[in-house]
Amino acid sequence: MKKLALLLCLLFPVAVAGQYSANNILAIKEIHQGVVCDSCIVTMAGSISTAPDKVSFLTPNHDNQFLYTDATLTRELSTVDPSKFYVAMGRFSLDFYPFTRVLVHKGDTIPHLDFNHLQFRTLVNGTLKNDWTDVASLKNDPDFYIGHGDMKSFRDQPDNVKTTPAEHYHAGKFELRLNDSLNVEFRNKNSLASVYHFSITRVRSVPDYFNFVDFSSDKSFEDILNTEINKVRTEQGPQVSHFEIAAGHSALLRFSNHEQYHFFGKTPKNSGIEYAIGKPENWQRLGGESNAKFTTGYTYIYLDKPKAGETVRIFLRYRHQPESIHEVTVSVGYYPGTAKWVDLALAIVGVILLALLAVFIQKRRYKRQLTNVNRKKNEIENQLQLLSGQLNPHFLFNSLNAVQSLIRQEDPEAANQYITEVATFMRIIMDSGRKELVSLSEEIAIEERYIALEQKRKPFEYHFQNECGHDLAAIDFPPLLLQPIIENSIRHGLNERVGKPALSITVRCNKTDLFVVITDNGIGFDPSVKPAGHGLSLTNRRIALINQKLPAMQIILQTNTTTGGGTITEIRLLKWLS
């Protein structure tokens, strides 16, 4: 009843003075697009005083929230500071209401403040928001209609109260965060003497006032509502936020449509509480989307036999303050004879199964990656074989040109001997071309047979030097990698214009790196012009594929040449000896 009395005092402020019987109710209605909504009655929130040294004011808001003092918040009846007020909503209007002048107009002779002589200013958390302004210069509230009505109209048509406009002054709209304070100061604009001041602080507001009902029943849901929902409560908030129930039991968080709005809520409809179970997300409206009457019945959250050993988390909040969340936990016990170690063992088994599943998925991923790597490796090897096979026809084509030259020189015996040696050499390179790697000594031997063939066609000097210090037979090397480079030096560099043509091959080693250098003193070429030659193109493609196959052992081919200054080709095989 205490709460209802508080509501009536707020709704019927003039009853405090008891001076007139006609317009004895103050009604606030919402304004939509400039039109007063007669059925949109707003709860009267504010401080109405007959004291001549206080300014009456209103805080209308779309959440229909009240304005409170220390006593109402703490449920104490002790004397409190009459200038300190508290709100739960974040947004509200501030309107000054000359209530004492209304009483004077009705024939009273009480002293009253003349708003024409007053100025006000507002500060939020001590920071100036609006500087001194004449109260009388303010307009009406653009979002709320404030009027006087009679008690009979309210009783007969509560959703369409007949009113006449009430004098008021709109000081602005305000939005406060939690623990923010709005300070309002008044002074006499002539003497600048302080007249009155008050503060409004936004405080935390959560729906923690409810009953908890624990019961065991195999009845239908309708029977539970008929028999269990009206049980006397076992616990009541906000004193308790953790509850325990036995395994197999159900429970209700029961919200009285009257009790839950002891301080915060919307009147006369229950539409302000939202809840979520498990996680603070997917919020639902308490009582569903239909409105529940304010003065009768209950709304509730029903927990239907939660699992044994489970802890149910319930989150509660008001729609007008969604940033403040109240958590309630309900722990469910175990069935008689069921040890907790069973759940622990099940949890361990679950973890093991998850670990095995993770290992299985990882192995499948590795197997799939290995398959992809092998497929890529096979593709690269096939391409390398193809390129090696293309070297043989290229060499044969050049050899046939040499035989043709000998025939034109009318030296059939030399041509016949050359064909025999070429055929022998072809068998050697065909055997080597089928291998992925050969020894470096084997590669040098093959290239020296080729150089000997070319020396029969045209004379030039050849030198080989091993500066490596390693056994070349123990070093692996891509077969026929040097042949196109040597061929290019002999056929294009050592032509007739070179006086003493010479070719050399040098092998060097530097820790883990292998260097093979091919040098000629031929005519060279212009580096800015891409040199012709099918063999060198094949060599570059082979190196790219080998590097792709062996990413940790890169091969780099670098050529330095100048026109008339010879050519030096260096093949660097990095980390080849590691």
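This dialogue walks through a predicted model, feature by feature.

Visitor: What should I know before I read any value?

Guide: This is a predicted model, so local features need pLDDT of at least 70, side-chain atom pairs count only at pLDDT 80 or more, and totals for chains, interfaces and linings use all residues. Residues are numbered from 1 along each chain as its sequence is written, and side-chain values use heavy atoms, with hydrogens and water left out.

Visitor: How many helices and strands are in the chain?

Guide: Start with the term. Helices (H or I, at least four residues) and strands (E, at least two) are DSSP runs, numbered from the N terminus. The chain has 10 helices and 31 strands.

Visitor: What share of the residues count as buried?

Guide: Buried means under 20% relative accessible area, exposed means over 50%, and partly exposed lies in between (1.4 Å probe, protein chains only). Here 44% of the 578 residues count as buried. The chain exposes about 30,500 Å². Carbon and sulfur atoms supply 53% of that area. Accessible areas come from the Shrake-Rupley method with a 1.4 Å probe; for residues, only the protein chains shown count as cover.

Visitor: How do I read contacts along the sequence?

Guide: A contact means heavy atoms within 4.5 Å. Take the contacts between residues at least 6 apart in sequence: 68% of them join residues at least 24 apart.

Visitor: Why is helix 9 called largely enclosed?

Guide: Count its buried residues. Helix 9 spans residues 483–493, and 9 of its 11 residues are buried, so the rest of the structure largely encloses it. Among them are Pro-484, Ile-485, Ile-486 and Ile-490. Polar names are on the list too, including Gln-483, Glu-487, Asn-488 and Ser-489.

Visitor: How many disulfides does a search find?

Guide: A disulfide is a pair of cysteine sulfur atoms within 2.5 Å. The whole structure yields 2. In sequence order, the bonded cysteines pair 1-2, 3-4.

Visitor: Which cysteines does each disulfide join?

Guide: One joins Cys-37 to Cys-40, with 2.1 Å from S to S. Its angle about the S-S bond is 55°, a right-handed link. Cys-37 and Cys-40 are both buried. Another joins Cys-468 to Cys-509, at 1.6 Å from S to S. That link is left-handed, with -80° about the S-S bond. Cys-468 lies in the loop between strand 26 (461–467) and strand 27 (476–477), and Cys-509 in strand 28 (residues 502–510), so the pair ties together parts 41 residues apart in sequence. Cys-468 and Cys-509 are buried as well.

Visitor: What sits in strand 2 by the Cys-37 to Cys-40 link?

Guide: Ser-39 is one of the residues of strand 2 (residues 35–42). Ser-39 is partly exposed, at 49% relative accessibility. From Ser-39 to Lys-29 is 10 residues in sequence and 7.6 Å in space, C-alpha to C-alpha.

Visitor: How many salt bridges are there?

Guide: A salt bridge is a side-chain nitrogen of Lys or Arg within 4 Å of a carboxyl oxygen of Asp or Glu. The search finds 15. One pairs Glu-185 with Arg-121, the closest N and O atoms being 2.8 Å apart. This pair links distant parts of the chain: Glu-185 in strand 12 (residues 181–188) and Arg-121 in strand 7 (residues 118–124), 64 residues apart. Glu-185 is partly exposed at 25%, and Arg-121 is partly exposed at 24%.

Visitor: Are the partners of other bridges buried or exposed?

Guide: Look at each partner in turn. Asp-180 and Arg-177 meet at 3.3 Å, N to O. Asp-180 is buried, at 8% relative accessibility, whereas Arg-177 is exposed, at 59%. Arg-202 and Glu-323 meet at 2.8 Å, N to O. They link distant parts: Arg-202 in strand 13 (residues 194–202) and Glu-323 in strand 24 (residues 321–332), 121 residues apart. Arg-202 is buried at 4%; Glu-323 is partly exposed at 45%. Bridges can also join up: Glu-274, Arg-317 and Arg-319 are linked in a network.

Visitor: Which residues make the nonpolar surface patch?

Guide: Patches are made of residues with over 30% relative accessible area and no salt bridge; like charges are joined within 9 Å, nonpolar side chains (Val, Leu, Ile, Met, Phe, Trp, Tyr) within 5 Å. Ile-348, Val-349, Ile-352, Leu-353 and Leu-356 make one of about 470 Å². Leu-356 belongs to helix 6 (residues 340–408). Leu-356 is exposed, at 52% relative accessible area.

Visitor: What general rule helps me read spacing in a helix?

Guide: An α-helix has 3.6 residues a turn, so residues three or four places apart point the same way.
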